[in-house]
Amino acid sequence: MKGFFITGRYAKLVSMLVVGLVLSGCLLLPANDKEVIKSPNDDREYRYLTLKNNLKVLLIADVAAEKSAASLDVHVGSRHDPEQRQGLAHFLEHMLFLGTEKYPNPDEYQKFVSQNGGSHNAYTSFEHTNYFFDIESSKLEAALDRFADFFVAPRLDEDYIEREMNAVESEYRARIKDENRRIIDATKQIVNPQHPYHKFTVGSLQTLAGDGIRQDLLEFYRQYYSASRMTLAVTGNYSLDQLEAMVTTKFSFIPDNRNTIEKISVPLFLTGKSLDVSHSYQLPIVLSVQSEKPVRQLRFSFEMPDLAANYRSKALNYIGNIIGHEGKGSLLSELKAKGLANSLSAGVGLHYFGGSTFQVNITLTPEGVEQFNTVADLLFVTINLLREQQQDSNMIKTLYLEQQQLSEIDFRFYTKPSIVSSVMSASSNLQFYPPTAVIYGDYDFSEYRPDLIADRLARLVPENTLITLVSPELPGAYPANKVTRWFSAPYGVQAVAQERVAAWQFAGDTATAAMNLAADNIKLPTPNEFIPYDFNLLSAVRDSEKTANTDAAGQENINLDVPSMVTDQPGFRLWVKTDDDFEVPKTDAYFTFLTRYAGQSARHQALAKIYVRAVNEQLNELLYPAYLAGTNFSFYPHLRGFSLKLSGYSDSLEPLIQQVVPALISPTVSMQRFEDIKTELRRSLSLAIQAPPYQRLLSKMSIELFAQVRDESEIINELDSISQQDLQYFVDQLWSQVFIEGLVHGNVSLAAANQLSQSIRQLPNCQCDREGRTYVDIINLTAGKRWFQSHRLSHEDAAVIWYFQAQDDRLETIAKTSLLASIMHPQFFNELRTEQQLGYIVSAFSFNLHKWPGLALQVQSPAATEAEIIEAMQVFLQNFLSFEGGETDFEQHRAALASQLREQDVTLGKRSSRYWLSLALGNEQFNRRELLAKEVEAIDYGLWMEYVRQLLGDDQASLIQASATDDELGKPAKANIWPGSSSMRIIAYP
């Protein structure tokens, strides 16, 4: 399912001349209908081919890649499930991982990928099932051999069918409190029953159990897993010829039964004009869904034609960009001013072969729930305004061409995605775009079609509208008097009153006075002043900068390989690095404001969260056009204070910072928005408390082990008493205690970096040195104690996280712990999930606190109790520690981990983030990853096993966080859990 939301990523026009210049230098045009269009900034080579079995393949030769990856997309999904076997497509996805004729062991594929530094996964959507992996490049061919056999000769072993059905049931149960799935479940109750979207997608024991399930799997596989329905993408640091040889020899054996892809011809929703008028749910209707969590949303869904034939026109993208605009005069601006909404997104929702939907999602305030009809009024005001402007062809074309221009600029300076994202998007796009457009298709605005825009706008009418209202407290006129079958979501259905439909149609004088007034406040976007012009690239090697970049003693201090500290004064340090690798006219400017003041108490943490939201709120309308023009802004709190990040085209950052600084010193929002911010913060904190068990226990673990972090409930208790005056006092006190550190990296000279940071230097600061402001307080568990805490959670599943804390934070210890997690995870997953079927969520992973290493085991189960989970963990650990002969596995994982640590940054942003993390961890040589890789390579198997026995043994500290669904939990006879004591101590270190 090709579904996404666009909130205005592309928007305005500067001049036809600039558009022409950008377009003329942007595309590498294809010589034939199979040559892939690529960006001049993309150094990869592409080749499209069709194998003899009709499998469509895209090969991507990437000489800079340090890993390889593949993704295979099958045009089959939940829409194809038999009515009596709903969830079968998803179940088959699970089963393909459990052995093939050539590789029969159920954990063979996962073990091989894990041993060689890779990862793998799959997903099933409405129309597609996508399988993907990445791996160390030297192992690509062997991995492809295993991967291809999924689609040639899967075993679908009878011995694993019942166990994997339990895994599907566990996955279903783990998501049963997910509000988005509950909303979708309610939606399925009212769609056209002849449309396959009504089916239950996940599957359960109820839908999958029964005689003949293996036969049904085989028949489904034989029918739909045909090469004619598949697309494959493979990438790595091999030549195109080498990749083609690998793919041809391994994937040509996938059967082709010439099965064709069927278009869905029935409508998704029924209306009064539908032939089947017997269906009780005909648009326009209001679907009210009562949420369990504090989720308040209003969704408008409009059925649309298929997108594929007209993908170059991007008509729905264009409309979504304007409705979803967040600048001054926008729909969202008006909704916020009235205290009705907090956020809005608009764009393509569901997309399938035969149709699509346009969707507007609005996050409501509690007042917005009560006045949701007013919110709907304002949306139709905006749609009507856009429809009226359609009469002005110059206006529409100007807005469209600006979106086109920004899209072309983005493509010209294309940022190569991660290696897994590359193949996943390519295999998916091959199902939708022609081969030439597999990369460019998402950016292609080349066909300006005012007729299509007019047609799509004509469908944004009340008669074609499903309105979904979601809230824990629904208005009295919209009761939730029904319950969905699969997710037990209370819902109700009401017809939209005819007088309101008439008002939304702006028929005669029926539009309300409020709607007429709002029409004066809501405007279409104005030309974007932030569109970049200067795309000149600088060189990192500049003699003038070398002489200018000196320390206090007059000595040259430039380092062309890593950032150099160019300013070190009381209260402020600045690091600069001119990029000479990625060749994009972009710069990242990061600043951290170090202070312990923000985390001193629950009240201070509440004030810090309000402060961040107020700053972002104040700047959102102002900076939204800059965001559309490719500049990203974020201001957020962390354990050591706050951070500000700005990223974008180099010539746009300085004016942006000048706008940001005043808001940092004095955040100014209306009383209405201030109260809305507190309400929204309370809601988000409440959602965190009601997160799925495994996520909530992770949060509890952090709260317990970071001394500064307070529980969400403590912060919520402080919110009501905080006023705007309290916030300003907090901000004033805060800045007098701040040390500022900055990093500027990218297409920027030393002089420009200093100019860029000039406004930041004017901020108040402590006029002190950095020491004492970088500390993170971590709880050091007492050795020999197994700490235990249980929590009543809002979910029926049992969950346990068991954390083992290392004794020190030396790089050697971090390396050994990371290697342990790498080796343990696939074994832990196979034993507790595949073999014992304890739950869908099973993992072993590194759990590092700042620089302090640790290991965590995690399980969430719908069937086992907490005590049973802990007992299974204990048995696993005993077997793991007593196993002999694992040296070969150890050596493979050690080599893979060292290779992972040495992976090169693939984008400017990735490298900036690595530099920034290095500074946060006190590594001013920016070589922490290389040092850690060397430590990994130096690990001796025997000494490592000694370390593992020590870390996991009874003499070392550990902490168990568990849900509390089992009243017997905690009794030594059941789980051998030692009670916690109060002798924990705090380590404060930089």
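Trainee: Why is Arg573 called buried?

Mentor: This is a predicted model, and in it Arg573 has a relative accessible area of 8%. Buried means under 20%, so Arg573 counts as buried.

Trainee: And what makes Glu741 buried or exposed?

Mentor: Same kind of test. Glu741 has 2% relative accessibility; the limit for buried is under 20%, so Glu741 is buried.

Trainee: How do you know that Glu741 forms a salt bridge with Arg573?

Mentor: Look at the closest N and O atoms of Glu741 and Arg573: they're 2.5 Å apart. A salt bridge needs a side-chain nitrogen of Lys or Arg within 4 Å of a carboxyl oxygen of Asp or Glu, so this pair passes. The bridge links distant parts of the chain, with Glu741 in strand S21 (residues 739–746) and Arg573 in strand S17 (residues 572–578), 168 residues apart.

Trainee: What about Arg603 and Glu718, why is that a salt bridge?

Mentor: Their side chains come to 3.3 Å, N to O. The cut-off is within 4 Å, so they qualify. Here two helices are involved: Arg603 sits in H20 (residues 602–628) and Glu718 in H24 (residues 712–719), 115 residues apart.

Trainee: Why is Arg603 called partly exposed?

Mentor: Its relative accessible area is 26%. Under 20% would be buried and over 50% exposed, so Arg603 falls in between. Glu718, at 23%, lands in the partly exposed class by that rule too.

Trainee: How do you know that Asp377 and Arg500 form a salt bridge?

Mentor: The closest N and O atoms of Asp377 and Arg500 are 2.9 Å apart, and the rule asks for within 4 Å, so the pair counts. Asp377 lies in helix H13 (residues 372–389) and Arg500 in helix H17 (residues 498–504), 123 residues apart. Asp377 is buried at 6%, whereas Arg500 is partly exposed at 25%.

Trainee: How many salt bridges does the structure hold?

Mentor: It holds 52. Some share partners: Asp581, Asp905, Arg911, Arg914 and Arg929 are joined that way into one network.

Trainee: Now the second largest pocket: which residues lie nearest its centre?

Mentor: Thr415, Lys416, Val906, Thr907 and Leu908, out of 46 lining residues. The pocket has about 1500 Å³ of space, and helix H31 gives the largest share of the lining, six residues.

Trainee: What makes up that lining, by class?

Mentor: There are 13 nonpolar, 13 polar and 20 charged residues.

Methods: Residues are numbered from 1 along each chain as its sequence is written. This is a predicted model: local features need pLDDT of at least 70, side-chain atom pairs count only at pLDDT 80 or more; totals for chains, interfaces and linings use all residues. Side-chain values use heavy atoms; hydrogens and water are left out. On a 1 Å grid over the protein atoms alone, a cavity is a set of points where a 1.4 Å probe fits but cannot get out, and a pocket is an open set with protein on both sides within 12 Å along at least five of seven lines; lining residues have an atom within 4 Å of a point. Grid points are joined across faces, edges and corners, and a volume is the space filled by probe spheres set on the points. Helices (H or I, at least four residues) and strands (E, at least two) are DSSP runs, numbered from the N terminus. Ala, Val, Leu, Ile, Met, Phe, Trp, Tyr, Cys and Pro count as nonpolar, Asp, Glu, Lys and Arg as charged, and the others, Gly among them, as polar. Buried means under 20% relative accessible area, exposed over 50%, partly exposed in between (1.4 Å probe, protein chains only).
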